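Thanks for sharing this one. Here are my comments as numbered points, so that you can follow them with the model open beside you.

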Amino acid sequence: DGSSIFAGNIDEHAFAIRFRTDGSLDSSFSVNGIFPPVVSDTLERIFDIQLQPDGKILLVGHSENIKQIGEKKMLIYRLTKDGYPDPLFANRGRITYVDQHSSVINTTAMQSDGRMLIGGYFADANRFRDAVVMRLHSDVSSNTTDIEKGNTFTIYPNPAHNNITLTLNQTSAIATYKIANLYGQLVLQGTAKSGEPILLGN
């Protein structure tokens with residue numbers, strides 16, 4: 001429709017804004033024309049924006065907890081064409097992912113079949129970086145990448161296809177787990193030690 005969408009950061013929090021063709025703020029977009037930053041203990045930076053064929057909007061970059069500066073997670077927001085977090089994408093329109101010490105997305109592109117390509121890097125604790133390109137399905141509909149319950153365990157990545165890792169606060173503990181698919185069907189159960197990969201198969 002000729003309108004323009006810009007994205008960036010306000011005080012280290014992600015935001016997006018839409019202008020009409022005459023340069024005026026489009027107040028019908030999100031909250032008075034701006035997808036507002038979420039005030040929390042997480043810092044966010046947006047490096048690229050992509051418009052899907054259906055009008056939905058992808059914002060990519062990284063997030064960082066203010067208590068763990070330097071440990072970055074890949075960050076993806078998907079907004080509806082009206083500028084609100086897409087409830088059908090990940091955890092209420094937002095997903096994060098981390099591999100090694102830090103993970104950052106610098107750019108994104110859309111394939112003709114609707115799947116997303118993202119490019120960035122993984123970095124270890126010594127800041128050695130490996131370039132990475134990943135592809136995501138457009139219908140991601142799971143909880144956040146890192147799930148924490150009662151501060152007792154963390155499961156990542158989520159959603160997963162081949163394996164996951166279960167981390168417990170008590171490193172010597174053994175956990176009993178049950179894993180279900182996106183339809184709630186039980187696919188695997190057993191026991192595992194903290195940090196032990198759990199193979200899911202294909």
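1. Let me begin with a lysine. The side chain of Lys56 makes a polar contact with the side chain of Asp86, at 2.9 Å. Please keep in mind that this is a predicted model, so the contact comes from computed coordinates.

2. Where does Lys56 lie? Lys56 belongs to the loop between strand S4 (42-51) and strand S5 (57-65). Is Lys56 buried or exposed? Its relative accessibility is 18%, and because the cut-off for buried is under 20%, Lys56 counts as buried.

3. The surroundings of Lys56 are worth a look too. Leaving out residues up to four places away in sequence, Lys56 touches Gln50, Leu51, Arg78, Leu79, Thr80, Lys81, Asp86 and Leu88. Asp86, the partner in the polar contact, is thus one of the residues on that list.

4. Now to the N-terminal part of the numbering. An open sheet of three strands has the order S1-S2-S3, and its pairing is antiparallel. S1 and S3 are the edge strands, each pairing on one side only.

5. Within that sheet, strand S1 (residues 4-10) and S2 are paired in the antiparallel sense over seven bridges. One pair to find on screen is Gly8, which stands opposite Phe15 in S2. S1 and S2 form a hairpin with two residues between them, and Asp11 in the turn has a positive phi of about 50 degrees.

6. On to the other partner of S2. Two bridges join S2 to strand S3 (residues 34-35), and these strands run antiparallel. Ile17 has Ile34 as its bridge partner in S3. Strand S2 itself (residues 13-19) is mostly covered, with six of its seven residues buried.

7. A further open sheet has three strands in the order S8-S9-S10, again with antiparallel pairing. Here the edge strands are strand S8 (102-110) and S10, and each pairs on one side only. Neighbouring strands of this sheet are turned against each other by 25 degrees on average, ignoring direction.

8. How many bridges join S9 to S10? There are eight, and the two strands run antiparallel. A pair you can use to check the register is Met116, which stands opposite Leu136 in S10.

9. Next, the interior. In soluble globular proteins, nonpolar side chains tend to be buried together. In this model, the largest nonpolar core has 13 residues, of which Met74, Ile76, Phe89, Ile105 and Ile118 touch the most other members. The elements giving two or more residues to this core are S5, strand S6 (72-79), strand S9 (116-123) and strand S10 (129-136). S9 gives the most, with three residues.

10. Ile76 deserves its own comment. Not counting residues up to four places away in sequence, Ile76 touches Leu58, Leu59, Val60, Phe89, Gly93, Arg94, Ile95, Ile105, Ile118 and Leu136. A second, separate core has ten residues, including Phe29, Ile46, Leu59 and Leu75. Leu59 is therefore worth finding on screen because, as a member of a nonpolar core, it is one of a set of buried residues joined through side-chain atoms within 4.5 Å.

Definitions and conventions
Residues numbered from 1 in each chain as written. Predicted model: local features only at pLDDT ≥ 70, side-chain atom pairs only at ≥ 80, totals over all residues. Heavy atoms only, no water. Buried < 20%, exposed > 50% of the residue type's maximum accessible area, 1.4 Å probe, protein only. Helix = DSSP H or I, 4+ residues; strand = E, 2+ residues; numbered from the N terminus. Pairing = 2+ DSSP bridges. Polar contact = N/O pair within 3.5 Å; in protein donor to acceptor, adjacent residues only side chain to side chain. Contact = heavy atoms within 4.5 Å. Axes fitted to C-alpha atoms, helices over the stretch in contact; angles between N-to-C directions.
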